[in-house]
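User: I am new to this structure and would like to learn how its features are read. Could we go through them step by step?

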Amino acid sequence: QRGRIRGALAVGTAAPLDAAGSDLVASVIALASIALEQSRTVESARRQLRSGLLELLLAGVIDVAGRTAQRLGGRLPEAPVRVAVLAQPVEGQSLLDELDLLAGGDAGRVFVAERDVEVVAVVGADDGQSLERVLARHGMRVGLSAPIEWDELPRGLTEARQAASRT
C-alpha cells in the first residue's frame, strides 16, 4: 500500500554491520513486510465477511449470521441492540483498524461492518461505551437507533441514518 507507513524497524550496533549482518537485517525486513501484508489481507477478508453478515442480518437470516459469526471466532451482541451509523465518511485506515480491534476484542458486545460507504455498528442496548470512546478519540459523530430486536434491524438502520443526518 503505497504512501502508508506500515511499521518501523530500528537496528543499532556498536560497529558497522558486516555483509552477513546486513543480509540478516534485509531478511528480517523482508519477512516482516510479508507478515504485515498477510495480516492486512486477512483483516480485509474479515471486513468483507462482516459486511456479508450484516447483509444476512438485514435480510432477516439472523440464525445463519449468528452461527457464522461464531465460526469466525465472534458472537453477535445479545438483543436488544442499538444500531450506530457514522455521521461522516471515514478518512484513512486508523479508525477502521481500531474498530476492527474493538469488534474482535469485545466479541459479543460490538459488531462492526462496512456497507457501501457507511460504517455500521451494532451494540448491546447498554454496551456502547467502548464504541463511544473509540469514536470520540477520532472526533466522529454517530447516529444511534432506539433499542431494537435483531429482526427489526432494517428499522434500526433507518433510525440511525436519520439520527446521523441530524448530528
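Analyst: Let us begin with a single residue. Glu 132 has a relative accessibility of 48%, and because a residue between 20% and 50% is classed as partly exposed, Glu 132 falls in that class. Glu 132 belongs to helix H4, which covers residues 129-137. Please keep in mind that this is a predicted model.

User: How far apart are the C-alpha atoms of Glu 132 and Gly 73?

Analyst: Their C-alpha atoms are separated by 23 Å, and along the chain the two residues are 59 residues apart.

User: How should I read the sheet, and in what order do its strands lie?

Analyst: A sheet is read across its strands, from one edge to the other. Here four strands form an open sheet in the order S2-S3-S1-S4, and their pairing is antiparallel. Strand S2 (110-115) and strand S4 (142-144) are the edge strands; each has a single partner strand, so one side of each has no neighbour in the sheet. From one strand to the next, the twist averages 25°.

User: How many bridges join the strands S2 and S3, and how many join S1 to S3?

Analyst: S2 pairs with strand S3 (residues 118-124) over six bridges in the antiparallel sense. S1 and S3 also run antiparallel, joined by five bridges. Individual partners can be followed as well: Phe 111 has Val 122 in S3 as its bridge partner. Ala 121 in S3 stands opposite Val 112, and Ala 84 also stands opposite Ala 121.

User: What connects S2 and S3?

Analyst: The two strands form a hairpin with two residues between them. In the turn, Asp 116 has a positive phi of about 55°.

User: Is strand S3 enclosed or open to the surroundings?

Analyst: For a strand, one asks how many of its residues are buried. In S3, seven of the seven residues are buried, so the strand is largely enclosed by the rest of the structure.

User: Which helices pack on the sheet?

Analyst: A packed helix is described by the strands it touches and by the angle of its direction. Helix H3 (residues 94-105) packs on the sheet and touches strand S1 (81-86), S2 and S3. The direction of H3 makes about 140° with that of S2. Helix H5 (residues 153-166) also packs on the sheet, touching S1, S2, S3 and S4. The direction of H5 makes about 40° with that of S1.

User: How are salt bridges read, and how many are there?

Analyst: One looks at the two side chains, then at the parts of the chain they join. The count comes to seven salt bridges. One of them is formed by Arg 50 and Asp 100, whose closest N and O atoms are 2.3 Å apart. This pair links distant parts of the chain, since Arg 50 lies in helix H1 and Asp 100 in helix H3, 50 residues apart.

User: Are Arg 50 and Asp 100 buried or exposed?

Analyst: A residue counts as buried under 20% relative accessible area. Arg 50 is therefore buried, at 13% relative accessibility. Asp 100 is buried too, with a relative accessible area of 9%.

User: Which residues are joined into one network by salt bridges that share partners?

Analyst: To find a network, one follows each partner to its next salt bridge. Glu 152 and Arg 155 meet in a salt bridge with an N to O distance of 3.1 Å. Arg 155 also meets Glu 159, at 2.6 Å from N to O. Both Arg 155 and Glu 159 lie in helix H5, four residues apart, which is about one turn of the helix. Through their shared partners, Glu 152, Arg 155 and Glu 159 form one network. Each is partly exposed: Glu 152 has a relative accessible area of 28%, Arg 155 has 39%, and Glu 159 has 22%.

User: Which residues make the nonpolar surface patch?

Analyst: Leu 9, Val 11, Leu 17, Leu 24, Val 28 and Ile 29 make a nonpolar surface patch of about 520 Å². Among them, Leu 24 is found in helix H1 (residues 19-58). With 57% relative accessibility, Leu 24 counts as exposed, because the class begins over 50%.

How values were computed
Residues numbered from 1 in each chain as written. Predicted model: local features only at pLDDT ≥ 70, side-chain atom pairs only at ≥ 80, totals over all residues. Heavy atoms only, no water. Pairing = 2+ DSSP bridges. Axes fitted to C-alpha atoms, helices over the stretch in contact; angles between N-to-C directions. Contact = heavy atoms within 4.5 Å. Patch = residues over 30% accessible without salt bridge, like charges linked within 9 Å, V, L, I, M, F, W, Y side chains within 5 Å. Areas by Shrake-Rupley, 256 points an atom, 1.4 Å probe, with all protein chains shown as cover. Salt bridge = Lys/Arg side-chain N within 4 Å of Asp/Glu carboxyl O. Buried < 20%, exposed > 50% of the residue type's maximum accessible area, 1.4 Å probe, protein only.
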